[in-house]
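Grab a pencil and let's work through some exercises on this structure. Each one has a task and then a step-by-step solution.

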Amino acid sequence: MILQILDIDSLNLLKDKACITSCLNKYKNYNNNSWIQDVCGKNPFINTKYTDLPEIIFDMSKDKPIDTDFENVKRVYDTLNFLSDSNASEERLWAALCLGSGYNYVQYRWPTQTVENVLQHYFFGFGGRRSLNRNAIARLWWIGRLTYDKEREDHYELTKFVCNHSDYIMHFMERNTSNNIHILRPFIEAIMDAHTKGYNINTDDVGFLSKYLNQLGGMYILDFVSEDWIKNKILNKIESLKNINAII
């Protein structure tokens with residue numbers, strides 16, 4: 001596989017809402033992407049220097065597309081884990097994958113209904129981290145980037161937990177502390193431990209705990225405290241929520 005990006009003029013054209021509106025039926029119903037070159041009036045894909053990569057074959061085997069997230073995170077991150085955080089924040093890269101080799105996967109995982117759906121899942125429809133969490137393929141890479149742990153026997157143990165609790169993903173990925181595995185890892189581990197104890201932690205609870213983690217980041221330099229310290233802080237907060245019947 002040759003890793004490609006979109007040229008900037010084609011990106012700006014394709015993500016324009018007027019263009020998306022006129023092409024909405026194609027996003028919904030065309031099972032190949034040949035129409036993209038016709039819309040752009042040229043081949044919009046530019047080859048990068050990464051020319052000898054394994055093909056990413058997306059898992060589209062489940063009746064519920066969300067059930068493929070874990071497998072597809074592994075496939076995308078295993079293939080593209082050499083990307084820097086800066087490169088992996090580039091809209092032209094992820095738009096090219098969504099409109100190119102990942103076109104049918106995006107249709108499968110995020111069936112198009114509206115212009116906003118296209119903007120969010122094929123392109124960057126928001127600013128910063130939120131876009132990385134909404135673009136159909138960028139999110140797979142970033143879930144891998146933020147949860148892959150080479151120190152564990154199963155490198156993808158945290159990844160599997162996160163994908164199995166997809167309603168937590170926004171809180172894990174869109175916080176300021178999420179780009180540091182030494183902060184995010186103990187946070188996820190604390191929630192995993194609570195699940196093992198049988199606590200029913202919902203997405204609102206995780207949102208509350210994420211805000212608490214950010215508050216800790218305002219009081220302490222979390223990069224310099226131990227992971228055990230962070231984990232214990234989160235576990236203690238979970239116990240306090242349990243004691244006031246917020247968690248059953």
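**Exercise 1.** Find which residues touch the most other members of the largest nonpolar core.

*Solution.* Start with the term: a nonpolar core is a set of buried Ala, Val, Leu, Ile, Met, Phe, Trp, Tyr and Cys residues joined through side-chain atoms within 4.5 Å, where buried means under 20% relative accessible area (1.4 Å probe, protein chains only). Of the 81 residues in the largest one, Leu80, Trp94, Phe123 and Ile137 touch the most other members. Next, look at who contributes: helix H12 gives the most, with 8 residues. (Helices are DSSP runs of H or I, at least four residues, numbered from the N terminus.)

Before going on, note that this is a predicted model, where local features need pLDDT of at least 70 and side-chain atom pairs count only at pLDDT 80 or more, while totals for chains, interfaces and linings use all residues. Residues are numbered from 1 along each chain as its sequence is written, and side-chain values use heavy atoms, leaving out hydrogens and water.

**Exercise 2.** List what Ile137 is in contact with, leaving aside neighbours within four places in sequence.

*Solution.* Contact means heavy atoms within 4.5 Å. Under that rule, Ile137 meets Phe58, Val76, Trp94, Leu97, Cys98, Gly102, Tyr105 and Val106.

**Exercise 3.** Work out how many residues of helix H7 are buried, and what they pack against.

*Solution.* H7 spans residues 115-122, and 6 of its 8 residues are buried. They are Val115, Val118, Leu119, Gln120, His121 and Tyr122. Their packing partners are helices H2 (17-29), H5 (91-99), H6 (103-109) and H8 (128-134).

Conventions
Buried < 20%, exposed > 50% of the residue type's maximum accessible area, 1.4 Å probe, protein only. Helix = DSSP H or I, 4+ residues; strand = E, 2+ residues; numbered from the N terminus.
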